[in-house]
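Hi,

Here is the structure I promised to pass on. Have a look at it first, and then read on for what turned up in it.

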Amino acid sequence: TWYERREARDSRVTWFPWWIPKQGLDSVYLLRFTNAGTFRVAPARVEPMYTPGTVSWTEPQVLEVKP
């Protein structure tokens, strides 16, 4: 794998990579909803540990789950 360690928390998942290809990485994750309704998904944020001031994030999303 491209990462050395992964930490899963209630509010985030953190990866510690040992190698990143020059073309970058695409990350995909699955959501499982157990209730119907409208939900706001917070933007994903990428922040390198040893490069202060470099941050990137996605757009926030609104998802509607129908019964």
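To start with the charges: which side chains meet in a salt bridge at 2.8 Å, N to O? They are those of arginine 5 and glutamate 7. Before I go on, please keep in mind that this is a predicted model. The chain has a mean pLDDT of 84, and 99% of its residues reach 70 or more. If you look at the elements of the chain, strand 2 comes out with the lowest mean pLDDT, 80, and strand 6 (residues 61-65) with the highest, 94.

**Salt bridges**

Three salt bridges are present in the structure. Besides the pairing of arginine 5 with glutamate 7, there is one between glutamate 7 and arginine 9, where the closest N and O atoms are 2.9 Å apart. Another links arginine 45 to glutamate 47, and here the closest N and O atoms are 3.4 Å apart. Through shared partners, Arg5, Glu7 and Arg9 are joined into one network.

How covered are these residues? Arginine 5 has a relative accessible area of 44%, so it goes down as partly exposed. Glutamate 7, at 22%, is partly exposed, and arginine 9 falls into that class with 49%. In the bridge at 45 and 47, arginine 45 is exposed, with a relative accessible area of 62%, while glutamate 47 is partly exposed at 47%.

**Arginine 5 and what lies around it**

Arginine 5 has a ring to deal with as well: its charged end sits over the ring of phenylalanine 16, 4.2 Å from the centre of that ring. Proline 17 is another residue to look at here. Proline 17 belongs to strand 2, and its relative accessibility of 36% makes it partly exposed. Along the sequence proline 17 and arginine 5 are twelve residues apart, and in space their C-alpha atoms are 7.2 Å apart.

Phenylalanine 16 also gives a longer-range distance. Proline 48 is 32 residues away from phenylalanine 16 in sequence, and the two are 9.5 Å apart in space, C-alpha to C-alpha. You will find proline 48 in the loop between strand 4 (45-46) and strand 5 (56-57). With a relative accessible area of 35%, proline 48 is partly exposed.

**Aromatic rings and the nonpolar patch**

How many aromatic pairs are there? The count comes to one. The rings are those of phenylalanine 33 and phenylalanine 39, with centres 4.9 Å apart and planes at 35°, so the pair counts as tilted. In case you want the general idea behind those two numbers, a pair of aromatic rings is described by the distance of the centres and the angle of the planes. Both partners are partly exposed: phenylalanine 33 has a relative accessible area of 33%, and phenylalanine 39 has 27%.

Phenylalanine 33 turns up again on the surface. Together with Tyr29 and Leu31, Phe33 makes a nonpolar surface patch of about 300 Å². Tyrosine 29, one of the residues in that patch, is found in the loop between strand 2 (13-17) and strand 3 (37-41).

**Two threonines**

Threonine 38 is located in strand 3. Is it buried or exposed? Threonine 38 is exposed, with a relative accessible area of 60%. Its distance to leucine 63 is 5.7 Å in space, C-alpha to C-alpha, though the two are 25 residues apart in sequence.

The other one is threonine 14, in strand 2. Threonine 14 is partly exposed, at a relative accessible area of 22%. Between threonine 14 and proline 52 there are 17 Å from C-alpha to C-alpha, and the two are 38 residues apart along the chain.

**Where to look when you open it**

A handy starting view is the network of Arg5, Glu7 and Arg9, with phenylalanine 16 under the charged end of arginine 5. From there you could move on to the tilted pair of phenylalanine 33 and phenylalanine 39, and then to the patch made by Tyr29, Leu31 and Phe33.

Cheers

Conventions: Residues numbered from 1 in each chain as written. Heavy atoms only, no water. Patch = residues over 30% accessible without salt bridge, like charges linked within 9 Å, V, L, I, M, F, W, Y side chains within 5 Å. Areas by Shrake-Rupley, 256 points an atom, 1.4 Å probe, with all protein chains shown as cover. Salt bridge = Lys/Arg side-chain N within 4 Å of Asp/Glu carboxyl O. Helix = DSSP H or I, 4+ residues; strand = E, 2+ residues; numbered from the N terminus. Phe/Tyr/Trp six-rings, centres within 6.5 Å; stacked < 30°, edge-to-face > 60°. Buried < 20%, exposed > 50% of the residue type's maximum accessible area, 1.4 Å probe, protein only. Lys NZ or Arg CZ within 6 Å of the ring centre and 35° of its normal. pLDDT = per-residue confidence, 0-100.
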